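User: I have a model open and would like to go through it with you. Could we begin with a ring and a charge, then move outwards?

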Amino acid sequence: MPTLINVSQVPSIEVAGLSGCLLLYRPVAVPAKHVGRRSAVQAAPTHSASYKELESITCDLSAFPNVQYFRVEAVVRPWRLPYVINALGTAGIRGMTATPVRGVGMQGGNKERYGGTEFNLTDLVEKSKVEIIVIRDQVDHVVQTVASSAHTGEIGDGKIFVHPVADIVRIRTAETGGVAERMAGGLDDILNSTAGDGKAAQKKLVQVAEKLKE
């Protein structure tokens, strides 16, 4: 049982409302643990991640143990979009969708700056959204690639969201599932070209990672 602040002796307060209305207000007992809670909330971290940290990101997909496909949705700076697309292509990701969007966000009260303008709490800022559908095993790889290529270290670099996808349908062929998700020359083909050779597959991934750093 939480400790309650004793307000039992506080009388009701009559507040005269508009047009002669009479409102009745009585203070409510509040758990002591909530008092000062707002001031106790720590500001969001504002430090800049290192590329080593970005390349080590892992996503918790445990809430969806039976889901095989995911949509990685990234909101990034417009001028970083070409870097993100190029990095994804180099990493073997052949299918993606990019759209211009506008959004607002604050980190620890710090204002975002874009195009020489400082934006406040409710100012919408131009952003670009990239969406990629991948199989479960590729989620971390895609997230790491996007994060590393979109990163500047400044407020407003954006966010990445990972959503479960029930199924995929290729309209032209009516194919579904993994067959519809797969893109010719994509990451699956890169890794399958070294199927049965774990060292060769690892070497391929290292080569992809090195290209992303260039």
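**A working discussion of the model**

Analyst: The charged end of Arg80 sits over the ring of Tyr83, at 4.1 Å from the ring centre. Please note that this is a predicted model.

User: How is Tyr83 classed, buried, exposed or partly exposed?

Analyst: Tyr83 counts as partly exposed, with a relative accessibility of 46%.

User: What is the geometry of the rings of Trp79 and Tyr83?

Analyst: The two ring centres are 6.5 Å apart and the planes stand at 90°, so Trp79 and Tyr83 form an edge-to-face pair. Trp79 is partly exposed as well, with a relative accessible area of 46%.

User: How many aromatic pairs does the structure hold?

Analyst: There are 2 aromatic pairs in the structure. One of them joins Phe64 and Phe70 edge-to-face, with 6.4 Å from centre to centre and 70° between the planes.

User: And Phe64 and Phe70, buried or exposed?

Analyst: Phe70 is buried, at 0% relative accessible area. Phe64 is partly exposed, at 34%.

User: Let us turn to helix H3. Which of its residues are buried?

Analyst: Helix H3 covers residues 81-90, and its buried residues are Leu81, Val84, Ala87 and Leu88. Viewed down the axis of H3, these residues fall within an arc of 130°, so they line one face of the helix.

User: What is on the other side of H3?

Analyst: Pro82 and Asn86 are exposed on that other side. Ile85 also belongs to H3, and it is partly exposed because its relative accessible area, 35%, lies between the 20% and 50% cut-offs.

User: How far is Ile85 from Thr97?

Analyst: The C-alpha atoms of Ile85 and Thr97 are 9.7 Å apart in space, with the two positions 12 residues apart in sequence numbering.

User: What follows H3?

Analyst: Gly92 follows H3, and its phi is positive, near 95°.

User: Where else is there a positive phi, in a residue other than glycine?

Analyst: Ala174 has a positive phi, near 65°. Most residues other than glycine have a negative phi. Ala174 lies in the loop between strand S9 (169-170) and strand S10 (175-176), and it counts as exposed at 57% relative accessibility.

User: Now strand S3. How much of it is buried?

Analyst: S3 runs over residues 69-76, and 7 of its 8 residues are buried, so the strand is largely enclosed by the rest of the structure.

User: Which strands does S3 pair with, and in what sense?

Analyst: S3 pairs with strand S7 (residues 125-135) in the antiparallel sense over 8 bridges. S3 also pairs with S8, again in the antiparallel sense, over 7 bridges.

User: Which residues are the bridge partners of Val72 and Tyr69?

Analyst: Val72 has Ile132 as its bridge partner in S7. For Tyr69, the bridge partner is Val165 in S8.

User: Staying with S7, what is Lys129 in contact with?

Analyst: Lys129 is placed in strand S7. Apart from neighbours within four places in sequence, it is in contact with Glu73, Ala74, Val75, Thr97, Ala98, Thr99 and Val101. Lys129 and Ile160 are 31 residues apart in sequence, and their C-alpha atoms are 9.5 Å apart in space.

User: A different topic: where is His151?

Analyst: His151 is in the loop between helix H4 (139-150) and strand S8 (159-165). At 14% relative accessibility it counts as buried, because the cut-off is under 20%.

User: What does the side chain of His151 make a polar contact with?

Analyst: The partner is the side chain of Ser48, at 3.2 Å. With neighbours within four places in sequence left aside, His151 is in contact with Ser48, Ala49, Tyr51, Leu54, Arg80 and Asp157. Arg80 is the residue whose charged end sits over the ring of Tyr83.

User: Finally, the chain as a whole. How many helices and strands does it have?

Analyst: The chain has 7 helices and 10 strands. Of its 214 residues, 25% are buried.

User: And what share of the contacts comes from residues 24 or more positions apart?

Analyst: Among contacts in the chain with a separation of 6 or more, such residues account for 71%.

Note on methods. Residues are numbered from 1 along each chain as its sequence is written. This is a predicted model: local features need pLDDT of at least 70, side-chain atom pairs count only at pLDDT 80 or more; totals for chains, interfaces and linings use all residues. Side-chain values use heavy atoms; hydrogens and water are left out. Buried means under 20% relative accessible area, exposed over 50%, partly exposed in between (1.4 Å probe, protein chains only). Helices (H or I, at least four residues) and strands (E, at least two) are DSSP runs, numbered from the N terminus. The arc is that of the directions from the helix axis to the C-beta atoms. A polar contact is a pair of N or O atoms within 3.5 Å; within protein, one must be able to donate a hydrogen and the other to accept it, and residues adjacent in sequence count only if both atoms are side-chain atoms. Contact means heavy atoms within 4.5 Å. Rings of Phe, Tyr and Trp (its six-membered ring) pair if their centres lie within 6.5 Å; planes under 30 degrees apart count as stacked, over 60 as edge-to-face and the rest as tilted. A charge sits over a ring if NZ of Lys or CZ of Arg is within 6 Å of the ring centre and within 35 degrees of the ring normal. Two strands pair if DSSP finds at least two bridges between them.
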